[in-house]
Amino acid sequence: MIPGGGQPNMQQLLQQAQKMQQDLATAQEELARTEVEGQAGGGLVKATVTGSGELRGLVIDPKAVDPEAASPEETVETLADLVVAAVQAANENAQALQQEKLGPLAQGLGGGGGFPGLPF
C-alpha cells in the first residue's frame, strides 16, 4: 500500500531498482574476488575457490601420498577422492557465501527464486 492512497512515484521506483541492480553487480564482483577454502582428509587436501565457484588453488600435503601404505593404484584413487571432496567442500562454502551476499538482494528484487544465473 502506498501511504496516503496515491500512485507510486515511478521515478523513485526506477531509482530504487537501479540501485538494487548496482548493489547486485557490486556483490557479484566482490564474490569473484573473494576466495574460500574447502578441505578433505583432515586437511591433507585443500581447495581454494572464488565466491563465484572458480577453482583457484589446490594444495596436497605430501603425507597424502604414502607409497608404503598402499599400492600406487590405491594411492591414486584415494588422492582423487580427496581432491573431489575438497573441491566439493570449497564449492559448498562458495554457495553459502553467495547466499549470504546475494540472497538479501534477490529478496529485495522481489524474489529469492527464478533469477537466471543466480544460485537461488
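**View 1. V45 and its neighbour across the way in this predicted model.** Look at V45 and you'll find I60 of strand 3 standing opposite. One residue along the chain, K46 has V59 of strand 3 facing it. Both pairs sit in the antiparallel match-up of strand 2 (residues 45–50) with strand 3 (residues 55–60), which is held together by five bridges.

**View 2. The turn between strand 2 and strand 3.** These two strands make a hairpin, with four residues between them. The one to zoom in on is G53, which takes a positive phi near 95 degrees.

**View 3. Strand 1 alongside strand 2.** Strand 1 (residues 35–40) also runs antiparallel to strand 2, this time with six bridges. For a sample pair, pick V36: its bridge partner in strand 2 is V49. Here too there's a hairpin with four residues between the strands, and G41 in the turn has a positive phi of about 65 degrees.

**View 4. Strand 2 and its surroundings.** Strand 2 pairs with strand 1 and with strand 3. Is strand 2 mostly buried or exposed? Five of its six residues are buried, so the rest of the structure largely encloses strand 2. Buried here means under 20% relative accessible area.

Definitions and conventions. Residues are numbered from 1 along each chain as its sequence is written. This is a predicted model: local features need pLDDT of at least 70, side-chain atom pairs count only at pLDDT 80 or more; totals for chains, interfaces and linings use all residues. Side-chain values use heavy atoms; hydrogens and water are left out. Two strands pair if DSSP finds at least two bridges between them. Buried means under 20% relative accessible area, exposed over 50%, partly exposed in between (1.4 Å probe, protein chains only).
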